[in-house]
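Student: Please take one part of this model and go through it closely, residue by residue where that helps. Then connect it to the rest of the chain.

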Amino acid sequence: MSRNRNHPAPAPAPRVMTAESADGTALHIEIHGPGDAPALVLSHGWTCSTRFWDAQIRALSAEFRVVVYDQRGHGRTPMGRVSTGALADDLEAVLRTVLAPGEQAVVAGHSMGAMTIVAAAGRPALTEHAAALLLCSTAASHLVEECTVLPGRRGGPRTRATRAILRSPLPLGPVTPLGLPVLRRVALSPAATRAQVAACARIVHACPRIPRAAWSHVLETLDLTESVRVLDLPAVVLVGSADRLTPPVHSHRLAANLPDCRGLVVLDGAGHMTPVERPDDITAQLRSLAAQFLGPGHPESPAPATAPQREEAPVRDTGEKETTV
């Protein structure tokens, strides 16, 4: 009997692998899509998991090999030691495990996942396997000072209060209607749908409190400024204009200091969780980078004709192209 067209077949189960990081931590990896397709490697952020990339997996796994993994202390990966160096070790381990020698992929990260990529600047595995990068909603330094989740001027009182909130080891507890507006304020925007806020809440609330607090200490002292300057790979930087956790000032700094920035994309009205809140825009950026750097004529084949039309802002004097979507 034929399958009802209104109930399409579920997506095939991912292939599950484990990569061993430098300190022995076993990293949980999922691979979606054809084994011989061009590869996209996606790295999630603080308090998230592989589920954060569900929209991109659904949209891209028919034509790409979409690789996602749980950062240490998140999802099904144990914590081990926490540091930016450990994040870079983990990314190297994932790339070496899922890609053949010399094989390249588009490597994308969101928030702490993009910091992971920056921390791996100059590392042999990233140099060998990354054809191009997408750095979403992220920063290289001064995270607490620039955070605008709390009202008030930049400076001592707001910084101290923000630090106390991020450091809190208290469990988040179950997702409740009262907690959803708080999460929207912190991580999304007024434009996010209820379903998007609820999906983020389920992911964030599933993160254990001990890893959440441990990584908050790493993030509040983050300084990857020098790593940005040596990340000599083609990169697109993307941020939501309403991002309170990593406001656009961070992305402008990144774009100004990356050796090979191919563009700065600002998603008008979007908050911090851009792959969830603006999934089509993230998917379009990944497709475009794959077409340019993994497709015929690699590494500089033209972007696909179906790429979305965007309003081009004037090129800033820092050299990068800013795009508003």
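Tutor: In this predicted model, the buried residues of α9 are Pro-211, Arg-212, Ala-213, Ala-214, Trp-215, Ser-216, Val-218, Leu-219 and Glu-220. The list includes charged side chains, Arg-212 and Glu-220, beside nonpolar ones such as Trp-215 and Leu-219. That makes nine buried residues out of twelve, so α9 is largely enclosed by the rest of the structure. The helix covers residues 209-220, and its first and last C-alpha atoms lie 16 Å apart, close to the 16 Å expected at 1.5 Å a residue.

Strand β3 is also mostly covered, with five of its five residues buried. On one side of the strand are Ala-39, Val-41 and Ser-43, on the other Leu-40 and Leu-42, and every one of these is buried, so that both faces are covered. The partner strand is β4, which runs parallel to β3 and is joined to it by five bridges. Within this pairing, Val-41 of β3 stands opposite Val-67 of β4.

The loop from β3 to α1 deserves a closer look. His-44 is found in this loop, between β3 (39-43) and α1 (54-60). Its relative accessible area is 0%, so it counts as buried. Beyond the neighbours within four places in sequence, His-44 is in contact with Ser-49, Thr-50, Phe-52, Trp-53, Tyr-69, Asp-70, Gln-71, His-74, His-110, Met-112 and Gly-113. One of these, Gln-71, places its backbone nitrogen 2.9 Å from a polar atom of the His-44 side chain. Another, Gly-113, is 69 residues away from His-44 in sequence, yet the two C-alpha atoms are 4.7 Å apart in space.

Thr-47 belongs to the same loop, between β3 and α1. Its phi is near 70°, a positive value in a residue other than glycine. Most residues other than glycine have a negative phi. Thr-47 counts as buried because its relative accessibility is 6%. A second case of this kind is Ser-111, which is not a glycine and has a positive phi of about 55°. Ser-111 sits in the loop between β5 (105-110) and α3 (112-119), and at 10% relative accessibility it counts as buried.

Nonpolar packing comes next. The largest nonpolar core has 51 residues, and Leu-126, Leu-133 and Leu-231 touch the most other members. Helix α2 gives the largest share of this core, seven residues. Leaving aside neighbours within four places in sequence, Leu-133 is in contact with Val-107, Ile-117, Leu-231, Leu-233, Pro-234, Ala-235, Val-236 and Leu-289. Another core, of 39 residues, lies apart from the largest one, and Cys-48, Ala-132, Cys-136 and Val-204 are among its members.

Charged pairs add further links. The search of the whole structure finds 15 salt bridges. One of them joins the side chains of Arg-287 and Glu-63, at 2.6 Å from N to O. Arg-287 lies in helix α13 (residues 279-293) and Glu-63 in the loop between α1 and β4 (65-69), so this pair ties together parts that are 224 residues apart in sequence. Both ends count as partly exposed, because the relative accessible area is 32% for Arg-287 and 39% for Glu-63.

Arg-72 and Asp-90 form a salt bridge through their side chains, at 2.7 Å from N to O. Arg-72 is in the loop between β4 and α2 (84-98) and Asp-90 is in helix α2, so the pair, 18 residues apart, links distant parts of the chain. Unlike the partly exposed Glu-63, Arg-72 and Asp-90 are both buried.

The salt bridge between the side chains of Glu-226 and Arg-229 is local, with 2.7 Å from N to O. These residues are three apart in helix α10 (residues 225-229), which means about one helical turn separates them. Glu-226 is exposed, with a relative accessible area of 54%, whereas Arg-229, at 42%, counts as partly exposed. Elsewhere, salt bridges that share partners join Asp-23, Arg-72, Arg-81, Asp-89, Asp-90, Glu-92, Arg-96 and Arg-123 into one network. The buried pair Arg-72 and Asp-90 is thus found again within that network.

Terms used
Residues are numbered from 1 along each chain as its sequence is written. This is a predicted model: local features need pLDDT of at least 70, side-chain atom pairs count only at pLDDT 80 or more; totals for chains, interfaces and linings use all residues. Side-chain values use heavy atoms; hydrogens and water are left out. Helices (H or I, at least four residues) and strands (E, at least two) are DSSP runs, numbered from the N terminus. Buried means under 20% relative accessible area, exposed over 50%, partly exposed in between (1.4 Å probe, protein chains only). Contact means heavy atoms within 4.5 Å. A polar contact is a pair of N or O atoms within 3.5 Å; within protein, one must be able to donate a hydrogen and the other to accept it, and residues adjacent in sequence count only if both atoms are side-chain atoms. A salt bridge is a side-chain nitrogen of Lys or Arg within 4 Å of a carboxyl oxygen of Asp or Glu. A nonpolar core is a set of buried Ala, Val, Leu, Ile, Met, Phe, Trp, Tyr and Cys residues joined through side-chain atoms within 4.5 Å. The expected span of a helix is 1.5 Å times one less than its number of residues. Two strands pair if DSSP finds at least two bridges between them.
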